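Here are a few exercises to work through with the model open beside you. Try each task before you read its solution.

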Amino acid sequence: MTGYLEDARSRAFKVVGLQGLAACLAGAVALLTAGSRAGESALAGGLIATLASLVMAVRVFGGRLERDPKRFLGRLVLGEAFKFAATVLLFGVAIVVMKAAFLPLILGYFAAFAAYWIGFIWSGIGQTQ
């Protein structure tokens, strides 16, 4: 199986991996500079972005690749809805259950979110060949 969709699937999951790396780095930096609670909170924030992107990638690219444009668009829209829902749910868990420190949580989320966009720019997704 070769082609542009297979290439996009591979790149999308690599971007999720890059987000995971950014989440770990954010957690480590916060741990070293502000202590364990900040480190856990920053890691949680980064993992929220990472897991939400993973939900999206699995919804869009999981299983058999959809080549029909209408069905692919449907997967994309539904994937975005699941990503949004996962983000809200995971922030709720982090804030209510974990009692995460808000600033490190948001900074960790932003670090992984930045890695998301940097990863897509570096991977060239969406650029014409």
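## Exercise 1: a residue on the surface

Val58 is found in helix H2; helices are DSSP runs of H or I, at least four residues, numbered from the N terminus. This is a predicted model, where local features need pLDDT of at least 70, side-chain atom pairs count only at pLDDT 80 or more, and totals for chains, interfaces and linings use all residues. Residues are numbered from 1 along each chain as its sequence is written, and side-chain values use heavy atoms, leaving out hydrogens and water.

Task: Is Val58 buried or exposed, or in between?

Solution. Start with the cut-offs: buried is under 20% relative accessible area, exposed is over 50%, and partly exposed is in between (1.4 Å probe, protein chains only). Val58 has a relative accessible area of 46%, so Val58 is partly exposed.

## Exercise 2: Tyr109 and its contacts

Task: Classify Tyr109 as buried or exposed, then find which residues Tyr109 touches beyond four places in sequence.

Solution. First, locate Tyr109 in helix H4 (residues 102-123). Next, its relative accessibility is 17%, so Tyr109 counts as buried. Then list the contacts (heavy atoms within 4.5 Å): Tyr109 touches Gly45, Gly46, Ile48, Ala49, Thr87 and Phe91. Finally, check one pair: the C-alpha atoms of Tyr109 and Ile48 are 6.7 Å apart, although 61 residues separate them along the chain.

Conventions. Helix = DSSP H or I, 4+ residues; strand = E, 2+ residues; numbered from the N terminus.
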